[in-house]
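User: I should like a close look at a single part of this model, with enough of its surroundings to place that part in the whole.

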Amino acid sequence: MSTMDWILVALEGLLVVGFIALGVRSGGVGLGLWGGVGTLVLVFLFGLDPGEPPISAMLIIIAVIAAAAAMQAAGGIDYMVMVAAKALRARPRALNFVAPYVSWLLTVLTGTGNTFFSLIPVINELAYANKIRPERALAGSAVASTFGITASPVAAAMATMLPLVEPFGFDIVDVMLITIPASLIGIFAMALFMNGYGKDLDDDAEYQRRLASGEVAPPEPPGEIVLMRYAKRSVAIFLTGVAAICIFGVFEGLRPTVAAEGGGVEPMSVTPLIQMFMLSAAALILLLAHVQANDIPGTPIFRSGMVAMIALFGIAWMADTFIANNEDAIVSALGSLAENWPITIAVAIFLVAALTTSQSAATRTMIPLGLALGIGAGYMIAMWTAVAGVLFLPANGTQIAAAEADKTGTTTLGKRVVDHSFQ
């Protein structure tokens, strides 16, 4: 490549970073909208061929959000939170270990970290009542909930990941066989560290100051949840759909056969099966849990899911346009670096996740790049958990909510941006 070609590639890369920054500044849907503008500029100004939008991932997100939102409309999320709260109250002295795992499991089962918001007051109350430094349980649980995203068969980030690694022979079960053990071990190491992190409340100067000035009062016990009539039934239907996805993922012989590219037949990919099972689960919840279809778009899960999908659409389309048109240049520039130090891709995934605050966007942006550089799909799945970088900056909703809930002042968003409790 000539010097001018390299300059053009660099300009295009800076443009991509610039539009990501504009999207992050706008927040939410803005990430996707500015990604769309970036794609337009790359195509019309630089003459690049438009890349491929992540259609399969978007369809999975739509199907999963429909089922999860239907369950929420039926009161199923409230029931799951109630069960989780009971598990936490059963072993209050082990809160620093139990709370992260409960938060992680709730995210794995529902595919969204938004369920953690409902656990924050419970964790905070139990910590304070048992003289446990709230930061230890709250910060650990927030991070554990984020790791649940890469271990969940129904998370938007998983929907983004699967179409990327399936051509390399990795299905949803292969991904979960890597990410679930990684999560379980990592969470234990984190909880062990956090269990001794910071001073106990009796020795914490900031807490003692607030206590003496009357700023701190015992937290209000979380209000009692009144379950809707068919809440348990909606959970049963949703989790049956999740179980079906896992079973068909494990046993290829159960899947319908489709025409293979080279002739003959092969088992259907798990990607369309996820879409079928989740849409069917949503329909069954409508029918058997007596949910009105008009109630689904009004749920928090539906709104947050649609925001995530639009953000993924624009930012992933822009990234694919840039990478697909400059793959040879990128591979030649970074190939030896990735070959000698593959961990640098994990660092890049972490940083992109931190800048975009989106696991799905970081997945769609960086995983294809790592694969193009010749890094094995199994290694890319292992490094994929670095999308937990969304918590690197204190801008995530769960971080803000946890810090606000802790009136003792132990859980903080930091004074120098990166020195917060969740680091």
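Which residues does Ile-245 touch, not counting residues up to four places away in sequence?

Analyst: The structure is a predicted model, in which local features need a pLDDT of at least 70 and side-chain atom pairs count only at pLDDT 80 or more, whereas totals for chains, interfaces and linings use all residues. Residues are numbered from 1 along each chain as its sequence is written, and side-chain values use heavy atoms, with hydrogens and water left out.

Ile-245 touches Val-154, Ile-172, Val-270, Ile-274, Phe-277 and Met-278 once residues up to four places away in sequence are set aside; contact means heavy atoms within 4.5 Å. Ile-245 belongs to helix α11, residues 231-250. Helices (H or I, at least four residues) and strands (E, at least two) are DSSP runs, numbered from the N terminus. With a relative accessible area of 2%, Ile-245 is buried; that word means under 20%, exposed means over 50%, and partly exposed lies in between, for a 1.4 Å probe and protein chains only. Of its partners, Ile-274 stands 29 residues away along the chain, yet the two C-alpha atoms are separated by 6.1 Å.

The chain as a whole provides the setting. It contains 18 helices and two strands. Its radius of gyration, taken over C-alpha atoms, is 22 Å, close to the 22 Å that the globule rule gives for 423 residues, so the chain is as compact as a globular protein of that length. The rule itself is 2.2 Å times the number of residues to the power 0.38. Along the principal axes, the C-alpha atoms fill a box of roughly 70 × 50 × 35 Å. Buried residues account for 50% of the 423 residues. Of the contacts between residues at least 6 apart in sequence, 77% join residues at least 24 apart.

Gly-76, in helix α4 (residues 76-90), offers another case of residues brought together from separate parts of the sequence. The C-alpha atoms of Gly-76 and Lys-232 are separated by 6.1 Å, although these positions lie 156 residues apart along the chain. Gly-76 counts as buried because its relative accessibility is 0%. Residues up to four places away apart, Gly-76 touches Met-71, Ala-231, Ser-234 and Val-235. Ile-343, by contrast, is exposed at 55% relative accessibility. Ile-343 lies in helix α15 (residues 343-356), and its C-alpha atom is 7.7 Å from that of Met-383, 40 residues away along the chain.

The largest pocket has a volume of about 1100 Å³. Of its 44 lining residues, Asn-114, Ser-304, Ala-308, Thr-357 and Gln-359 are the closest to its centre. A pocket is an open set of points on a 1 Å grid over the protein atoms alone where a 1.4 Å probe fits, with protein on both sides within 12 Å along at least five of seven lines, and lining residues have an atom within 4 Å of a point. Points are joined across faces, edges and corners, and the volume is the space filled by probe spheres set on them. The lining divides into 21 nonpolar, 23 polar and no charged residues; Asp, Glu, Lys and Arg count as charged, Ala, Val, Leu, Ile, Met, Phe, Trp, Tyr, Cys and Pro as nonpolar, and the others as polar.

Helix α13 gives the most to this lining, with seven residues. Thr-321 also lies in α13 and is buried at 0% relative accessible area. Its contacts beyond four places in sequence are Thr-39, Leu-42, Val-43, Leu-48, Asp-49, Pro-50 and Gly-51.

Helices α6 (116-129), α7 (134-147) and α18 (397-405) are among those that each supply at least two residues of the pocket lining. The loop between α6 and α7 holds Lys-131, which is exposed at 56% and has a positive phi of about 60 degrees although it is not a glycine. Thr-411 lies in the segment after α18 and is buried, at 4%. Its side chain makes a polar contact with the side chain of Asp-406 at 2.7 Å and reaches the backbone nitrogen of Glu-135 at 3.4 Å. A polar contact is a pair of N or O atoms within 3.5 Å, one able to donate a hydrogen and the other to accept it; residues adjacent in sequence count only if both atoms are side-chain atoms.
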